[in-house]
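These are my notebook entries on a single protein model. I set out each item I looked up, followed by what I found.

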Amino acid sequence: PKRALLGSVTNSKLLSASTVWATIGVKRAKNRNAMARAQRATALRTTRAYRTVSADASSLLSSMLPADLLAHERARVSDRLSDADEHRTKQAVKTREREISIASWQSRWDRAALAPGAVGRRWTHRLLPNVARWLTKPPMDLTFHLTQALTAHGCFRSYLLRFNRAEDSYCSYCMDPDDTAEHTLFDCPRWEDERSTLTRLLRRPPRPADVEEILCGPRSDDLPDDPAARLRILEQAMTNRRELTGMIEAIMAAKEEDEREEQR
């Protein structure tokens, strides 16, 4: 709740009177970048992310609609409601304009993952490609370890090497030449025990493609009409999510402790 309040206060300050200046104000890249920097600072604290995490990834993880898109949305809503020919309710107008904003956000998120050097963004996009689905997930707190896993910014030697915090990118446990987030969480044999429960639930080893499905849960349209069957699916989804986050917490906590011991 406190982190959500922080995001709300940031947006309120950034977007004061935005219905007046949005159309012209966000045309300049300088203004858009300044808004993104301010919002990113809040998003990093909200998600407990490393300072090296990009604005695009932190905005998604914190579920904070980019400020320039939100400014445009509010201006559009104001214009629609002041239009004498508009017969929709205020809520219907807001809902439609939010759908437009999310579609724009999705296009931006897809482009961000293709940018040169966007290693972390590519990984986050690979795990969470669908903006709308992430925004409609059941309530969930992002922990420090879970955020590391979702951004690939953390105690992974491939990441540490990029910032001159490691001499090479080799895995300390199996000597794989590239200790990435994917290797640590899904491939390294050192963590087979931590993955065992989720492997049993899925009836196969977990993979990166499972992350969105597990964290976001089943889509409401895919749930059966039968109440008992619906309840069973939702309970299983909650179990899978709990096991995935528990697996990540266990792996990352142990790996951090091993790293501290190695440094000592």
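Is cysteine 174 buried, partly exposed or exposed? I worked from a predicted model, and there I found cysteine 174 partly exposed, with a relative accessible area of 30%. Partly exposed is the class between the 20% and 50% limits, so a value of 30% belongs in it.

**Entry on cysteines.** I next looked for disulfides and found 0 in the structure. Cysteine 174 takes part in none, and its nearest cysteine sulfur, that of cysteine 171, is 3.8 Å away. A disulfide requires two cysteine sulfur atoms within 2.5 Å, so this pair does not count as one. I also looked up cysteine 216, which counts as buried at 5% relative accessibility.

**Entry on aromatic rings.** How many aromatic pairs does a search of the whole structure find? I noted 4. In one of them, the ring centres of tyrosine 50 and phenylalanine 144 are 5.8 Å apart and the planes meet at 5 degrees, so I recorded the pair as stacked. Planes under 30 degrees apart earn that label. Tyrosine 50 belongs to the loop between α3 (29-47) and α4 (55-61), while phenylalanine 144 belongs to helix α9; the pair therefore ties together parts that are 94 residues apart in sequence. Both residues are partly exposed: tyrosine 50 has a relative accessible area of 26%, and phenylalanine 144 has one of 32%.

I then turned to tyrosine 50 and tyrosine 159. Their ring centres are 5.8 Å apart and their planes stand at 85 degrees, so this pair is edge-to-face. Because tyrosine 50 lies in the loop between α3 and α4 and tyrosine 159 in helix α10 (residues 157-162), the pair ties together parts 109 residues apart in sequence. Tyrosine 159 is buried, with a relative accessible area of 6%. I recorded one aromatic cluster formed by Tyr50, Phe144, Tyr159 and Phe163.

**Entry on arginine 190.** Which rings does arginine 190 lie over? Its charged end sits over the ring of tyrosine 173, at 5.6 Å from the centre. Arginine 190 also lies over the face of tryptophan 191, where the distance to the ring centre is 4.1 Å.

**Entry on helix α9.** I checked how far α9 is covered. Of its 8 residues, 7 are buried, so the helix is largely enclosed by the rest of the structure. The buried residues are His145, Leu146, Thr147, Gln148, Ala149, Leu150 and Thr151. After α9 comes alanine 152, whose phi is positive, near 65 degrees.

**Entry on cavities.** My last search, over the whole structure, concerned cavities of 30 Å³ or more, and it gave 1. The largest cavity holds about 30 Å³ of space. Which residues line the largest cavity? I listed Leu127, Ala149, Leu150, Leu185, Phe186, Val211 and Ile248. The elements that give two or more residues to this lining are α9 (144-151) and α11 (181-187). I sorted the lining by residue class and obtained 7 nonpolar, no polar and no charged. Ala149 and Leu150 thus appear twice in my notes, among the buried residues of α9 and in the lining of the largest cavity.

Notes: Residues numbered from 1 in each chain as written. Predicted model: local features only at pLDDT ≥ 70, side-chain atom pairs only at ≥ 80, totals over all residues. Heavy atoms only, no water. 1 Å grid on protein atoms, 1.4 Å probe; cavity = no way out; pocket = protein on both sides within 12 Å on 5 of 7 lines; lining within 4 Å. Points joined across faces, edges and corners; volume = space filled by probe spheres on them. Helix = DSSP H or I, 4+ residues; strand = E, 2+ residues; numbered from the N terminus. Nonpolar A, V, L, I, M, F, W, Y, C, P; charged D, E, K, R; others polar. Phe/Tyr/Trp six-rings, centres within 6.5 Å; stacked < 30°, edge-to-face > 60°. Buried < 20%, exposed > 50% of the residue type's maximum accessible area, 1.4 Å probe, protein only. Lys NZ or Arg CZ within 6 Å of the ring centre and 35° of its normal.
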